[in-house]
Amino acid sequence: MSTIGSEDTTVQAWDIHPKFSALNNPLTIYRGHKGAVNAVAYARGGSLIVSGSADAEIAVWEGTVSDRPIMRFGGHEGAVLSIRVSGEKIFSSSEDKTIQIWDLSTGRSLVSIIHGHTAPINAIALSPDGMRVVSASDDASLRIFDTETGEPCTMPQRTSSRLLSVALSRDGALVACGGTDASVLVWRVDMIRRAVWPDGFIRKIRKLEFCMVDDQGVFSDFSVPDGGWLRGSKSEAMVWIPSVYRTGLWTPRTVGILGALETALDLRSFVHGTRWEQCRVEVSASKS
């Protein structure tokens with residue numbers, strides 16, 4: 001049996017056996033949502049169906065021939081865009097830029113991942129053990145979170161276009177995502193070791209500590225800039241490096257520099273975009 005969500009606000013279950021699929025009629029139609037149904041998933045071996053819709057609501061239905069809703073609940077502030085189920089937990093991503101984890105039996109919120117993405121999260125995927133959730137977003141980044149704590153496990157992977165889909169290999173070692181640039185990207189990731197920022201990215205030059213990776217991973221990998229500008233994932237100008245410092249500029253791939261003035265960027269306090277105002281520092285004027 002195959003289940004689909006529809007723009008007409010229904011969830012439909014179809015028998016995919018050739019004998020019945022030729023009849024072109026769904027076995028069951030589930031009604032109750034008030035908006036287009038963007039995502040569906042099976043739970044408990046197919047005995048339950050979980051759906052998420054544009055009305056920001058999640059519904060749990062009997063997965064057999066009954067069309068009876070077991071419960072409906074909400075918590076997102078925007079359309080539900082993706083649904084996954086692992087054991088007794090429901091995972092949902094939304095237009096509101098968050099991932100929520102719910103109890104399958106009660107609909108109670110277990111974990112809310114509210115920090116990370118800056119645009120709608122179009123798709124999520126789970127590691128085989130259910131301990132990691134991978135998300136793909138309109139902000140052109142791929143992120144991995146701990147499902148117990150909601151904390152990020154790695155720095156985000158940046159791409160040049162909006163991401164629409166994500167999937168993991170059966171062993172969880174590879175992550176594939178697709179975006180609006182008509183390409184599919186594949187990464188090999190470590191789901192076990194956590195890359196904690198900034199401690200895991202500190203480097204030293206002559207006993208001076210610095211971190212070449214910002215907390216959003218915009219500069220997780222960069223080369224000596226052409227024309228002096230370090231650019232973001234969408235080629236937007238971010239930081240200009242004067243010509244005198246470019247030859248000896250350290251990058252994340254630099255091992256050592258000889259015969260040039262060494263320059264290192266410490267990005268632990270780097271802010272940009274809508275966060276630019278955070279660079280303001282209060283200075284109290286001393287009275288004479």
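**Stop 1: the largest nonpolar core**

Select Val50, Ile58, Val60, Phe73, Ile83, Ile90 and Leu104: in the largest nonpolar core, which has 14 residues, these touch the most other members. You are looking at a predicted model. Now colour the strands around them. At least two core residues come from each of β4 (37-43), β5 (48-53), β6 (57-62), β7 (69-74) and β8 (80-86). The top contributor is β4, which gives three residues. In soluble globular proteins, nonpolar side chains tend to be buried together.

Zoom in on Leu104. Ignore its neighbours within four places in sequence. Leu104 is then in contact with Ala43, Arg44, Leu48, Val50, Val60, Met71, Gly87, Glu88, Lys89 and Ile90. Show those side chains and rotate the view.

**Stop 2: the whole protein**

Zoom out. How many helices and strands does the protein have? There are two helices and 22 strands. The protein has 288 residues, and 43% of them count as buried. Turn on the surface. About 15700 Å² is exposed, and carbon and sulfur atoms supply 52% of that. Next, think about contacts between residues with a separation of 6 or more. Of these, 40% link residues 24 or more positions apart.

**Stop 3: the sheet β1-β2-β3**

Go to the start of the chain. Three strands make an open sheet in the order β1-β2-β3, and the pairing is antiparallel. Select β1 (2-5) and β3 (28-30). Each stands at an edge with a single partner strand, so one side of each has no neighbour in the sheet. On average, neighbouring strands here are turned by 20 degrees against each other, direction ignored.

Now select β2 (residues 11-14) with β1. Four bridges join this antiparallel pair. To find one, pick Thr3: its bridge partner in β2 is Ala13.

**Stop 4: β14, an enclosed strand**

Select β14, residues 141-146. Is this strand largely enclosed or largely open? Six of its six residues are buried, so β14 is largely enclosed by the rest of the structure. Check each face in turn. In a regular strand the side chains alternate between the two faces of the sheet. On one side of β14 you find Ser141, Arg143 and Phe145, all buried. On the other side are Leu142, Ile144 and Asp146, also buried.

Add β13 (residues 132-137). β13 and β14 pair in the antiparallel sense over five bridges. The two strands form a hairpin with three residues between them. Click Ala140 in the turn: its phi is positive, at about 70 degrees.

Next, click Leu142. In β13, Leu142 has Ala136 as a bridge partner. Leu142 also stands opposite Gln157 in β15. That strand, β15 (residues 157-158), runs antiparallel to β14 and is joined to it by two bridges.

**Stop 5: Ser137**

Stay in β13, where Ser137 lies. Ser137 has a relative accessible area of 0%, so it is buried; the cut-off is under 20%. What surrounds it? Beyond its neighbours within four places in sequence, Ser137 is in contact with His117, Ala119, Pro120, Ile121, Asn122, Arg162 and Leu163.

Keep Leu163 selected. Leu163 belongs to a second, separate core of 13 residues, which also includes Ala123, Val134 and Val189.

**Stop 6: the sheet β16-β17-β18**

Here is another open sheet of three strands, in the order β16-β17-β18 and with antiparallel pairing. The edge strands are β16 (163-168) and β18, and each pairs on one side only. The twist from one strand to the next averages 20 degrees. Select β17 (residues 174-179). Five bridges join β17 to β18 in an antiparallel pair. Find Val175: Trp187 in β18 stands opposite.

Now pick Val184 in β18 (residues 184-188). Is Val184 buried or exposed? With a relative accessible area of 62%, Val184 is exposed. Outside its neighbours within four places in sequence, Val184 is in contact with Ala176 and Cys177. Draw a distance from the C-alpha of Val184 to that of Leu163. The two atoms are separated by 9.7 Å, and the residues are 21 apart along the chain.

**Last stop: the cysteines**

Select Cys177. Its relative accessibility is 2%, so Cys177 counts as buried. Then select Cys153. At 3%, Cys153 counts as buried too. How many disulfides does the structure hold? It holds zero.

Methods. Residues numbered from 1 in each chain as written. Predicted model: local features only at pLDDT ≥ 70, side-chain atom pairs only at ≥ 80, totals over all residues. Heavy atoms only, no water. Core = buried A, V, L, I, M, F, W, Y, C linked by side-chain atoms within 4.5 Å. Buried < 20%, exposed > 50% of the residue type's maximum accessible area, 1.4 Å probe, protein only. Contact = heavy atoms within 4.5 Å. Disulfide = S-S within 2.5 Å. Pairing = 2+ DSSP bridges. Axes fitted to C-alpha atoms, helices over the stretch in contact; angles between N-to-C directions. Areas by Shrake-Rupley, 256 points an atom, 1.4 Å probe, with all protein chains shown as cover.
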